[in-house]
Amino acid sequence: MPKAGAQHGPTSPLIEARGLVKQFGGLRAVDGMSISLARGEMLGLIGPNGAGKTTLFNLLAGSLKPTAGTIVVAGEDLSRRGPERRIERGVGRTFQIPKPFAEMTVLENVLAGGQHQAGESIWMNFLRPGRVAAEERAAVEKARSLLDFVTLSHLEGEPARVLSGGQRKLLELARILMADPQAILLDEPAAGVNPTLLELIIDRVLDLNARGKSILLIEHNMEMVSRLCGRVVVMAAGRYLTEGAPADVSRDPAVVDAYLGGVAA
Amino acid sequence: MSVELVAYAAFFLTMALTYAIMCLGLNVQWGQTGLFNVGVAGFVAIGAYVSALLTTPDTPERFGGFGMPIAVGWLGAALAAGLVSFLIGALTIRLRADYLAIATFGVAVAVQLVALNLEPVTGGPFGIGFIPRPFADLAGNPLAFSLANLALLAAVVVALYLALERLVRSPWGRVLRAIREDEAAARALGKNATKFRLQAFAIGGGIMGLAGAAQAHFIGFIAPDNYVPMLTFQVWAMLIVGGSGNNRGAILGAVLVWGIWAGSAGAFAALFPPGEQARAAALQIVMIGVALCAILLLRPRGILGEERVVSRHLGRLSQLRRAGPQPTDKETSRAGNP
């Protein structure tokens, strides 16, 4: 069933979530959901408004802690761990509404994604300034090549607050790529982006996947999901509904029903 | 210029520099990290009292007086205030900014009340006197004494400035600013926000303690009255006027606001009859308030404002690159578009 583009890794899934439950007061936003992301896969997560997609996403990214269930990332149980532990296991995320470091320059934003930097220790800046400087030079070079990748090079010295909505999404992508994740969780990358920039984002996401990055994509834009994902998981009312190739899923009566019943526009 | 005038100018600047140190401490906490500390006076007081206790001669009616060298006092003050900041931070640093403000304010009031009431240690309302002054053997020559003290404080400020600039322009400083700008995004990049905020809070508190010690030794006498919330307000005014997030701005703001404060005190003493001077003193606070409003209206980022640091390791490189032709892009004109 998976598209030709999706390559399965030799080992276990990169992210494996089982029986996730998230209770907010009387509301079960996620109600026993399981999902797994294979190495190199580009997986779509769709569902009507209120299906619990964003809550599930936040559970996977660690910014919410599950009421029940487990999340195993690259073989380590991170169910109870905060978001800062995800990236060291190779999982990065973007935000539905981008969160640039507004007063920092575009280049500095990307540099902030660096991992294991000696210069993040107060003492190393005084005891090993040479090592800090060498790392920093390498980091700047890498950050600039990532800015080239997302076509923001010409803005590297500008504060991130001047970027448009779509540019902010690209900046977030570059920032998380700085951390060399194996998997990227993309939260509605198409929302509020003009068509030209959207094509660029789609192109870059395909490129990343071709280079072996696993991608989990939450998206309302079904056309985008069809173009990108080999496999789509459908969620409704906090639960797993079905999965399959995008074309099959969008014809599935249960899915159509969930969308028609779920959207109270 | 008369000798008195030079001596007074040196005295004025030395006092201003003690405030500059406090301001540098607050800049680490607020300017870099966005930690809303409204208990500056408390951390300054801890430094002042610790150094006074360490360095004054043995006094029968109160604890200590350990007669140690001044340098030990200053170091002890910075360490003690840094340690207290660390402990308070460990309890409160996860709080939202407004709650952190309430907590730190409470700490400062508690410290001041302890200083006022714990007579066997702090000397109570009368404070601690005979705190050894640096270069005391020069006291016979006011000019030499003032200049030597000014040189000492200037050296401390320069050393602190250089050390802080190195940190601000390092990956460590970058993480602090990232946390200040968006904590959730910083955490998603693997940055342990609590750890970095705690480090910044403790370092800032330690610097405030050092400032308290330096001031105590320069004046030679401390009392609980010195560490009321007005001090916190002054230091905040200094940082906002000079430019939050900018270490040079912190120093400049301290000198300017202290100039307004000391200058207006002199002017009011000359202008008003002695019977009215206590009431006229309230005008000093008004002056600071007016200066603050003027700055916020005219230069909301302060006189110097925060610089866009990229990294201390690529200054020239980035200038070269930015000096090159800038491709025009339709998107660049969409400044401020969310």
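Here are some worked exercises on a predicted model of two chains, A and B.

Before starting, note that residues count from 1 along each chain as its sequence is written, while chains are lettered from A in the order in which they are written. Since the model is predicted, local features need pLDDT of at least 70 and side-chain atom pairs count only at pLDDT 80 or more, whereas totals for chains, interfaces and linings use all residues.

**Exercise 1. Size up the two chains**

Task: work out which elements each chain has, and how compact each chain is for its length.

Solution.
- Step 1: count the elements, taking helices (H or I, at least four residues) and strands (E, at least two) as DSSP runs numbered from the N terminus. Chain A has nine helices and ten strands. Chain B has 14 helices and zero strands.
- Step 2: check the radius of gyration, taken over C-alpha atoms, against the globule rule of 2.2 Å times the number of residues to the power 0.38. Chain B comes out at 21 Å, close to the 20 Å that the rule gives for 338 residues, so chain B is as compact as a globular protein of that length. For chain A it's 19 Å, close to the 18 Å given for 265 residues, so the verdict is again as compact as a globular protein of that length.
- Step 3: look at the spans of the C-alpha traces along their principal axes. Chain A covers about 60 × 40 × 40 Å, and chain B about 75 × 45 × 35 Å.
- Step 4: get the buried share. A residue is buried if 20 or more other C-beta atoms (placed from the backbone) lie within 10 Å of its own, exposed if 12 or fewer, and partly exposed in between. That makes 49% of the 265 residues of chain A buried, and 48% of the 338 residues of chain B.
- Step 5: turn to contacts, meaning pairs whose C-beta atoms, placed from the backbone, lie within 7 Å. Among contacts with a separation of 6 or more, residues 24 or more positions apart make up 67% in chain A and 78% in chain B.

**Exercise 2. Walk across the sheet of chain A**

Task: lay out the strand order of the six-stranded sheet and place β3(A) in it.

Solution.
- Step 1: find the pairs, where two strands pair if DSSP finds at least two bridges between them. The order is β6-β7-β8-β3-β9-β10 in an open sheet with mixed pairing.
- Step 2: find the edges. Those are β6 (91-93) and β10 (239-244) of chain A, each pairing on one side only.
- Step 3: follow the parallel neighbours. β7 (183-187) and β8 (214-218) of chain A run parallel and share five bridges, with A:A183 opposite A:S214. Four bridges tie β3(A) to β8(A), also in parallel, and there A:L45 faces A:I218. On to β9 (231-236) of chain A: another four bridges, parallel to β3(A), with A:L43 opposite A:R231.
- Step 4: check the cover on β3 (42-46) of chain A. Five of its five residues are buried. On one side sit A:M42, A:G44 and A:I46, and on the other A:L43 and A:L45.

**Exercise 3. Describe the contact between the chains**

Task: say how many residues each chain brings to the contact, and what the chain A side is made of.

Solution.
- Step 1: count. Chain A gives 43 residues and chain B gives 38.
- Step 2: list the helices. On chain A, α2 (106-111), α3 (122-127), α4 (129-149) and α5 (165-177) each supply at least two residues. The largest share, five residues, comes from α4(A).
- Step 3: sort by class, with Ala, Val, Leu, Ile, Met, Phe, Trp, Tyr, Cys and Pro as nonpolar, Asp, Glu, Lys and Arg as charged, and the others, Gly among them, as polar. The chain A side has 18 nonpolar, 15 polar and ten charged residues.

**Exercise 4. Inspect a helix and two odd phi angles**

Task: check the span of α11(B), then locate A:T151 and B:F130.

Solution.
- Step 1: the expected span is 1.5 Å times one less than the number of residues. With 25 residues (247-271), α11(B) reaches 36 Å from its first C-alpha to its last, close to the 36 Å expected.
- Step 2: see what's buried in α11(B). The list includes B:W258 and B:W261, and the cover includes α1 (3-32) and α13 (282-298) of chain B.
- Step 3: on to phi. Most residues other than glycine have a negative phi. A:T151, though, sits near 60 degrees, in the loop between α4 and α5 of chain A. B:F130 has about 55 degrees, in the loop between α5 (119-122) and α6 of chain B.
- Step 4: rate their exposure. A:T151 is partly exposed, with 17 other C-beta atoms within 10 Å, and B:F130 is partly exposed with 13.

Methods:
Two residues are in contact if their C-beta atoms, placed from the backbone, lie within 7 Å.
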